[in-house]
Each structure stands twice: as C-alpha cells, then as structure tokens.
Amino acid sequence: MEDIKQKIKEVIGKFSADKKTFLIVLAGIAGVLILVISELFSSGETEENGKNSEDIQISEYSIENHYEYAEMLENKLTDIISSIEGAGETKVMLTLESSSEAVYAQNDKTDMESGDENKEKLSSENDYVLIKTDSSKEEALLLKIIQPEVKGVAVVCEGGDSVYVQQKIMETVSAVFDISTSKIKVTKLSSEN
C-alpha cells in the first residue's frame, strides 16, 4: 500500500514540475469525467423519453369498441332511413373495414452516419411525446382517433320492394358513408317480423 502511495506522489510530482503536461492531463481527466456523466444522464433521459410502445402508459382516453361504434352507426342510419317516405320499419346492418386506430404524437430523429468505404448509413428513431397527467403519470400524447371506414351496408325495410324507396335509401347511404351503391343492399322486410 505504501508503494502505491509513493508511486502516486512521484507521478504527481513529475506532472506538477511541468505545468503544461499537468494542465493537459487535468483537462483530459475532466473531459473523460464530463463524457461519463453526460452518458449517465442521457441514458436516463432516453429511458424516460424514448420508450417503446409497449412501455408507454397509453392515455386513459378509450377508443370506442369496434362493435359499439358499428352499433351507433347502425342506430343513426336506422333513424335516417326510417324517416324516408315509404321505408317504414327498418333494420340496418353494416360492416367495417377494421377497428379504430389511435394516433400518438412522435418525435422523429434521423441521423446520417459515415461507414466504411464512404458508405453512409441512415438511422431513424421514433419516440412518443409524453405528457404528465394530473396523477403525475406520463402518458403518450393522443393526436387523433381514426374511426374505421364502412365496408358494406344491408338495409331491410317494409318498403324495400319499391324501386323508388330502394333508390332513395341507396343514395342516402352512399352519401352518408361515401361508398358505392354496389356495397349497399336494400330488401323488403319479412311480414313475419
């Protein structure tokens, strides 16, 4: 132990004799310490801000259930169609392309790195934008909810055997959902219902 202390004192004595060498070594040690400290803080920051989609507390905002959304559209469409002259009692079923999709704000980072033999690599990183809620939790910032598009509509109504009523219903449904009339079927309601 004494030998180590003695050697350290000799090294310090040599550096203190030559002030330029001492300042260069001191600056080098300070630079290494700054790099180590900044790496520790930046990795902690990356863990906070650069979370994967599985790690993020998704917003409390609930996306409407696929079936609830379809049912809500069916109810509104039933009300509209049953108010068309000659339609009468109406039942509606519609199908949707997919389920609802939540879109969250992201920070996009793109870096160009030079590789071997003048080859460049493009790296991209997407981090979710996080906000603090009232309960001090971090949640992803919800930008919008994309509701699914209507794929097809079936309408069964009392006046479904009338070409005039069929045409009015098909035009209405086509206008409401911006779908072609080939995706809409209108037929007469059975008298047994």
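Q: Over which residues does pLDDT stay under 50?
A: This is a predicted model, and the mean pLDDT of its chain is 77, with 72% of the residues reaching 70 or more. Where pLDDT is low, the predicted coordinates should not be read in detail. The model does have 32 contacts beyond four places in sequence for one such stretch, but take them with a pinch of salt: pLDDT stays under 50 over residues 44-64.

Q: In what order do the helices and strands run from the N terminus on?
A: Start with the tally: the chain has four helices and nine strands. Now walk along the chain from the N terminus, and the order reads α-α-α-β-β-β-β-β-β-β-β-α-β.

Q: What share of the 193 residues in the chain is buried?
A: To count as buried, a residue needs a relative accessible area under 20%. Thr78 in helix H3 makes the cut because its relative accessibility is 17%. Across the 193 residues of the chain, the buried share is 21%.

Q: How far does helix H4 reach from its first C-alpha to its last?
A: H4 covers residues 163-177, so that's 15 residues, and at 1.5 Å a residue you'd expect 21 Å. The model comes out close to that, with a reach of 21 Å.

Q: Why do the buried residues of H4 sit on the same side of the helix?
A: The buried ones are Val165, Ile169, Met170, Val173, Ser174 and Phe177. An α-helix has 3.6 residues a turn, so residues three or four places apart point the same way. On the other side of H4, Tyr164 and Ala175 are exposed. The buried residues end up on the same side of H4 because they cover an arc of only 160°.

Q: Which helix and strands do the buried residues of H4 pack against?
A: A good clue is the largest nonpolar core, which has 22 residues, Ile169, Val173 and Phe177 being among those with the most contacts inside it. H4 isn't alone in feeding this core, since H3, S1, S8 and S9 also supply at least two residues each. Those elements are the packing partners of H4's buried residues too: helix H3 (66-82) and strands S1 (90-96), S8 (150-157) and S9 (184-188).

Q: Which residues is Val150 in contact with, leaving aside its neighbours within four places in sequence?
A: Val150 is one of the residues with the most contacts inside the largest nonpolar core, along with Ile81, Leu94 and Val153, among others. Leave out the neighbours within four places in sequence, and its contacts are Leu73, Leu94, Thr95, Leu96, Phe177 and Ile179.

Q: Which residue just after H4 takes a positive phi?
A: Look in the loop between H4 and S9. The residue there is exposed, with a relative accessible area of 71%. Its phi is about 55° although it is not a glycine. It's Asp178.

Q: Is Lys183 buried, partly exposed or exposed?
A: Lys183 also has its place in the loop between H4 and S9. Exposed means over 50% relative accessible area and buried means under 20%. With a relative accessibility of 42%, Lys183 therefore counts as partly exposed.

Q: How many Å apart in space are Lys183 and Val153, C-alpha to C-alpha?
A: Not counting residues up to four places away in sequence, Lys183 touches Lys151, Gly152 and Val153. Lys183 and Val153 are 30 residues apart in sequence, yet from C-alpha to C-alpha the distance in space is 6.4 Å.

Key:
Residues are numbered from 1 along each chain as its sequence is written. This is a predicted model: local features need pLDDT of at least 70, side-chain atom pairs count only at pLDDT 80 or more; totals for chains, interfaces and linings use all residues. Side-chain values use heavy atoms; hydrogens and water are left out. Buried means under 20% relative accessible area, exposed over 50%, partly exposed in between (1.4 Å probe, protein chains only). The arc is that of the directions from the helix axis to the C-beta atoms. Contact means heavy atoms within 4.5 Å. A nonpolar core is a set of buried Ala, Val, Leu, Ile, Met, Phe, Trp, Tyr and Cys residues joined through side-chain atoms within 4.5 Å. pLDDT is the predictor's confidence in each residue, from 0 to 100.
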